[in-house]
Amino acid sequence: MSQEMEMISISLCFATILAFLFLKQILKRATTSNRNLPPSPRRLPVIGNLHQLSLHPHRSLRNLSHRYGPLMLLHFGRVPILVVSSADIAHDVMKTHDLKFANRPKTKAVDIIMNGGRDIGFSSYGEYWRQMKSLCSIHLLSKKMVRSFENIREEEIVAMMEKLEKAISSSLPVNLSESLLNMTNNVICRIAMGRKYSLEENPMDFATLLRTMMELLGAFPFGDYIRGLAWIYKIRGLDRKMEEVSRTFMEFLEGVLQEHVDEGEKKETFDFVDMLLQIQRDKTNGFELDRSDIRLIMLDIFVAGMITTYTTLDWAMMRLIRHPECMKKLQDEIQTYSRHKLYVSEEQVESMKYLKAVIKEVLRLHPPGPLLVPRQLSEDVKLKGYDIAAGTQVLINAWAIHQDTTTWGPDAEEFKPDRHLDQPLDFSGQDFKFIPFGSGRRLCPGIGFAMALIEVTLANLVNRFNWKVETRPLGDDDQYYLAEATGIEVCRKFPLFVFPSLASSTL
Ligand code: HEM
């Protein structure tokens with residue numbers, strides 16, 4: 001071929017490619033402009049709306065929703081994100097179209113840590129997820145199973161209270177947040193793995209490992225949203241860190257499984273690992289469970305159950321201490337039922353209406369997952385007249401919904417447990433103005449497990465002690481005590497230092 005002919009062919013090729021790209025762009029615009037899309041704040045090239053997020057995305061998204069409405073379409077980099085901020089639209093997403101919205105998006109962290117989302121929480125909707133979730137709900141987290149661990153909860157709460165009692169004499173402030181985290185960690189480790197793995201009890205710092213894993217899972221996935229930034233993972237060593245943490249955790253869990261297998265019949269207690277090994281042996285429900293599935297279920301229990309439960313207790317104690325009238329009302333209720341006993345039992349707690357109202361109010365104002373867990377739409381859908389395309393990720397701003405003045409009244413931002421006394425609201429996500437545990441197919445299966453520990457712990461701490469916190473020298477009490485940390489689960493930013501004293505009723 002002559003040089004001239006070669007040039008002509010190359011130019012033709014170029015022209016065809018350019019024409020194709022141009023046509024594609026026009027077609028894309030035409031199809032998009034035919035679609036009725038939800039309101040969107042203006043976005044920037046490459047990053048989309050990422051510049052409009054703060055370190056507390058639930059707060060910045062609520063502010064945006066005040067301008068753009070309860071259904072907004074944002075873009076994080078190239079990824080379309082639907083943000084829902086009203087009970088009414090949450091109902092459409094998690095009830096009317098629940099099946100279409102039942103998928104979870106994948107991030108690099110989930111890929112590495114959760115083996116491509118083979119756990120329950122991040123698994124795609126389908127048969128595998130269904131089997132894993134029903135196994136978890138029926139065998140591990142059933143009412144009967146939760147009740148069977150009452151003695152573990154009692155032992156750990158009593159141990160925590162004994163330490164608090166000892167601290168009284170020192171007249172130094174006690175770090176209550178740390179005590180609550182240790183107690184929750186001990187209870188979940190004993191129920192799940194048969195013994196404690198806390199810093200005090202074990203050279204393996206289980207809690208730190210778990211915290212690192214949560215940080216990695218909760219880190220904002222820039223590289224997933226902006227392809228060109230994927231190298232950031234490598235530069236910051238995140239890839240390596242994720243692989244390392246995942247390997248250490250899996251090796252640790254494998255060791256726990258092997259210990260259980262080796263102990264076999266000799267074992268005197270029965271925990272989640274025993275139950276999962278039994279299901280594996282008996283092929284219960286015809287489900288083939290392998291060791292890696294068992295490890296991922298265990299990981300989910302810790303990732304989804306530990307910080308959520310602890311942080312609810314931490315917020316609750318802070319709110320009660322800062323609202324002495326609520327603390328007094330709760331103490332009176334507990335004393336009526338416990339009849340001045342030193343330990344309040346789970347049976348007595350059952351009848352305590354005000355205690356339950358306090359917990360609901362805490363979860364309303366401080367849902368540990370303020371944006372729930374992201375969902376992904378699996379097929380095109382029409383929502384309130386707007387067209388939403390398959391593949392769109394969905395954030396449900398439960399925190400904003402819980403403080404919506406149109407459903408909760410003008411005092412929606414205030415802590416008022418009494419508002420729940422005459423309301424039939426429960427935790428099952430049937431009323432979409434209150435969804436701390438989500439709703440629909442993806443509803444949290446750990447509600448009973450978490451509530452059993454939260455209720456009896458609060459009842460005992462409030463029954464046994466009177467509590468005080470220091471007034472802040474700068475007079476910024478609200479800012480300090482209500483400050484939120486960053487991360488997927490919103491904990492209090494500063495540890496709660498308290499001065500407990502023994503309540504006269506239990507002396
Ligand atoms: C106060 C405590 C807790 C809160 C507020 C909470 C909240 C949530 C939320 C908001 C979701 C996502 C729901 C959705 O997408 O609609 C979820 C899912 C989940 N939670 Fe919880 N949770 C708590 C405790 C627990 C505990 C104690 C466990 C286990 C022992 C647990 C296990 C799970 C699992 C496995 C999922 C994934 C369900 C799925 O994707 O199908 N959670 N939780």
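**Close-up views of a predicted model**

By class, 14 nonpolar, 8 polar and 4 charged residues make up the shell around the ligand (Ala, Val, Leu, Ile, Met, Phe, Trp, Tyr, Cys and Pro count as nonpolar, Asp, Glu, Lys and Arg as charged, and the others, Gly among them, as polar). The model is predicted, so local features need pLDDT of at least 70 and side-chain atom pairs count only at pLDDT 80 or more, while totals for chains, interfaces and linings use all residues. Residues are numbered from 1 along each chain as its sequence is written, and side-chain values use heavy atoms, with hydrogens and water left out.

**View A. The ligand and the residues around it.** Here 26 residues surround the ligand, and the closest are Arg104, Lys133, Arg375, Arg442 and Cys444 (a residue is near a molecule if one of its heavy atoms lies within 4 Å of it). Look next for the polar contacts (pairs of N or O atoms within 3.5 Å; within protein, one must be able to donate a hydrogen and the other to accept it, and residues adjacent in sequence count only if both atoms are side-chain atoms). Arginine 375 places a polar side-chain atom 2.6 Å from a ligand oxygen atom, and arginine 442 has a polar side-chain atom 2.9 Å from an oxygen atom of the ligand. From serine 439, a polar backbone atom is 3.3 Å from an oxygen atom of the ligand. The elements giving two or more residues to this shell are α5 (127–140), α14 (291–322) and α20 (447–464) (helices, H or I, of at least four residues and strands, E, of at least two are DSSP runs numbered from the N terminus). The largest share, 6 residues, comes from α14.

**View B. Aromatic pairs.** The whole structure holds 11 aromatic pairs (rings of Phe, Tyr and Trp, the last by its six-membered ring, pair if their centres lie within 6.5 Å; planes under 30 degrees apart count as stacked, over 60 as edge-to-face and the rest as tilted). One of them joins tyrosine 125 and tryptophan 129 in a tilted pair, 5.1 Å centre to centre with 45° between the planes. Tyrosine 125 is partly exposed at 23% relative accessible area, whereas tryptophan 129 counts as buried at 6% relative accessibility (buried means under 20% relative accessible area, exposed over 50%, partly exposed in between, with a 1.4 Å probe and protein chains only). Phenylalanine 272 and phenylalanine 449 have ring centres 6.2 Å apart and planes at 50°, so this pair is tilted. The pair links distant parts of the chain, with phenylalanine 272 in helix α13 (residues 272–282) and phenylalanine 449 in helix α20, 177 residues apart. Both phenylalanine 272 and phenylalanine 449 are buried, and ring pairs link Phe149, Phe272 and Phe449 into a cluster.

**View C. Charges over rings.** The charged end of lysine 433 sits over the ring of tryptophan 408, 4.8 Å from its centre (NZ of Lys or CZ of Arg must be within 6 Å of the ring centre and within 35 degrees of the ring normal). Arginine 492 lies over the face of tryptophan 315, at 5.9 Å from the ring centre.

**View D. Two loop residues with positive phi.** Valine 46, not a glycine, has a positive phi of about 65°. Valine 46 is in the loop between α1 (3–34) and α2 (57–68) and counts as exposed at 61% relative accessibility. Leucine 372, also not a glycine, has a positive phi of about 50°. Leucine 372 belongs to the loop between α17 (353–365) and β4, and at 18% relative accessibility counts as buried.
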